[in-house]
Amino acid sequence: MAQKLAARRVAYREQMPARFAAIRDAWEALQRGTGDPTEVSYELIRQVHNISGSAGTFGLGPVGEKARALEQFLVGLDSKVGGASGEATDEFERGFAQLKALFDATPSELLPNTVPTIDGAPPDGGAAARIYIVEDDPVQGREIAEQLQAFGWETTVFADSASMERALLGRCDPAAFVIDMALPEGMLAGGPLMRRIAESLGRHVPQIVISAHWDWSSRLEAVRAGAAAYMVKPIDFGLLAERLDAVTRRQVEAPVRVLIVDDTRLLAEHFAQVLTDAGMHANVLSDPTRILDALVEFDADVILMDLFMPGCTGIEAARVIRQDPKFTTVPILFLSTETSRQARLEAIAIGADDFMHKPIADTDLILAVTARARRFRALSSLVRQDSLTGLLNHISLKLQLESEIERCRRSGTSLAFVMLDLDHFKQVNDTYGHPVGDQVIRTISQLLRSRLRKSDVVGRYGGEEFAVLMPDTGIGGATAIVESLREQFASIGMVGGQTHFHCTFSAGIAVVPPATSMDALIQAADVALYEAKRTGRNRVCAAART
């Protein structure tokens, strides 16, 4: 990044003479009364504004400050009189000459900025799937290991503290620990063990405590030792897997997508580089008239936009964006040297989420964009996701299915559509109660999330029924995957009070082609699901090609 920033600084300096010439031309046109005075004045202010907002980013801080002072003078100038007084002309010439002199006096050899790192990166892929389990009961330890393996974790079981600590000496660091509070060394031996683990590794590794006790002293010891969660036996394995995913950040969020709209190309590219190096996807746009098309194509989480642009202001562009219902909630962050309270209020009135003052530090930019993107995604998920499972809800799932079918038509690829239904689910609710039934639903949701590919789309179709979209997958591949899921789900132990039980599901699969429409695809999968139910349940049936 340092090399790229240095190259952009050189390019920025090379552009400055042309910028100064554009400012001089606009000023002289304003003096002569050439063209519409309002438009000419806007262009003059925009050219100076571009320097005041971008110079600091490329190591020309004093130049940016002087340009900001000149910009404020021009904003206060009455452009409608078709010229300026002698005093105003002298002030402009003095400020403009100082601006150029500062630029000429600034050394070209400047150290590049540094880019901060953001906490929360997922663990390395090599260690992400390994869980260390410390459990002195061999039957319980084997059960925990087998259940977590069904959710895609690799496991190693230790019967005591000493054997686990010897394994750590080999630097085979796990992604997390599951530790019984009561070990052969004592009823609360899990607490000191957790402290020794943290000291030995020299870094934070999530630890989840399991215990047969609900008492205060055990829980307090777990908290003091830094436990991420505390679970009481008998263990709800679906919930354990869910918490492991949460504390290890196994479910990695898609990178934040930022649309940068700024006619100062080098500055926009710098912002894009900063955000890209922070793990985001950035798309640069210089022409504000293409914003709507770019939003459709790029699906941005955040819009980063300059206030002064050719052809329209940022405020006007934001108004156009907000006219489309699809983009009424996409965060808009304005970047500007504008200090006017009225301009800020106007930006807020049209739905701007922030008004950031140029030049902006790289750290501040990353944090601001990250915070707005997370909030936007959280609000969007409330609309798109099922509240119990976090999967896509019925409406969002069908919209996604429609989009995937259209993609298949364009690309000539295949798409498998799977409908899953829990077997005898009413009996689960009647026997163990609806809270246990909800946990069963969350468990199968967790299994589908953790065991399917990132490209697959999972949704709750309704009640105890789920659907999976598998792009670029034929009937044979989809059947093999769902058969494996069926076996894994049947092996997972559920908890109802003090009782362990097991559930199963049936599934029907259909593909595009031969189905050519969403309704035909859903109907074919539904027929196949009915056949699986009719012929005994706990099985997978594929739709007939006819």
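Begin by selecting residues 394-411, which form helix H15 in this predicted model. At 1.5 Å a residue, the 18 residues of this helix should span 26 Å, and the C-alpha atoms at its two ends lie 26 Å apart, so the expected and computed spans agree.

Keep H15 on display and colour its buried residues: Ser396, Leu397, Leu401, Glu404, Ile405 and Cys408. As background to this view, an α-helix has 3.6 residues a turn, so residues three or four places apart point the same way. Then step just past the end of H15 to Gly412, which adopts a positive phi of about 75 degrees.

Next, select residues 176-180, which make up strand E3. Is this strand enclosed or open? Five of its five residues are buried, so E3 is largely enclosed by the rest of the structure. In a regular strand the side chains alternate between the two faces of the sheet. In E3, Ala176, Val178 and Asp180 lie on one side, while Phe177 and Ile179 lie on the other; both faces are covered, as all of these residues are buried.

Now add strand E1, residues 130-134, to the selection. Strands E1 and E3 pair in the parallel sense over four bridges. To see one position in this pairing, locate Ile131, whose bridge partner in E3 is Ala176.

Add strand E4, residues 207-211, as well. E4 runs parallel to E3, and four bridges join the two strands. Here Phe177 stands opposite Gln207 of E4.

Finally, select helix H7, residues 190-201, together with E3 and E4. These three elements make a right-handed β-α-β unit.

Notes:
Residues numbered from 1 in each chain as written. Predicted model: local features only at pLDDT ≥ 70, side-chain atom pairs only at ≥ 80, totals over all residues. Heavy atoms only, no water. Expected span 1.5 Å × (residues − 1). Buried < 20%, exposed > 50% of the residue type's maximum accessible area, 1.4 Å probe, protein only. Pairing = 2+ DSSP bridges. Right-handed = clockwise from strand over helix to strand, strands pointing away.
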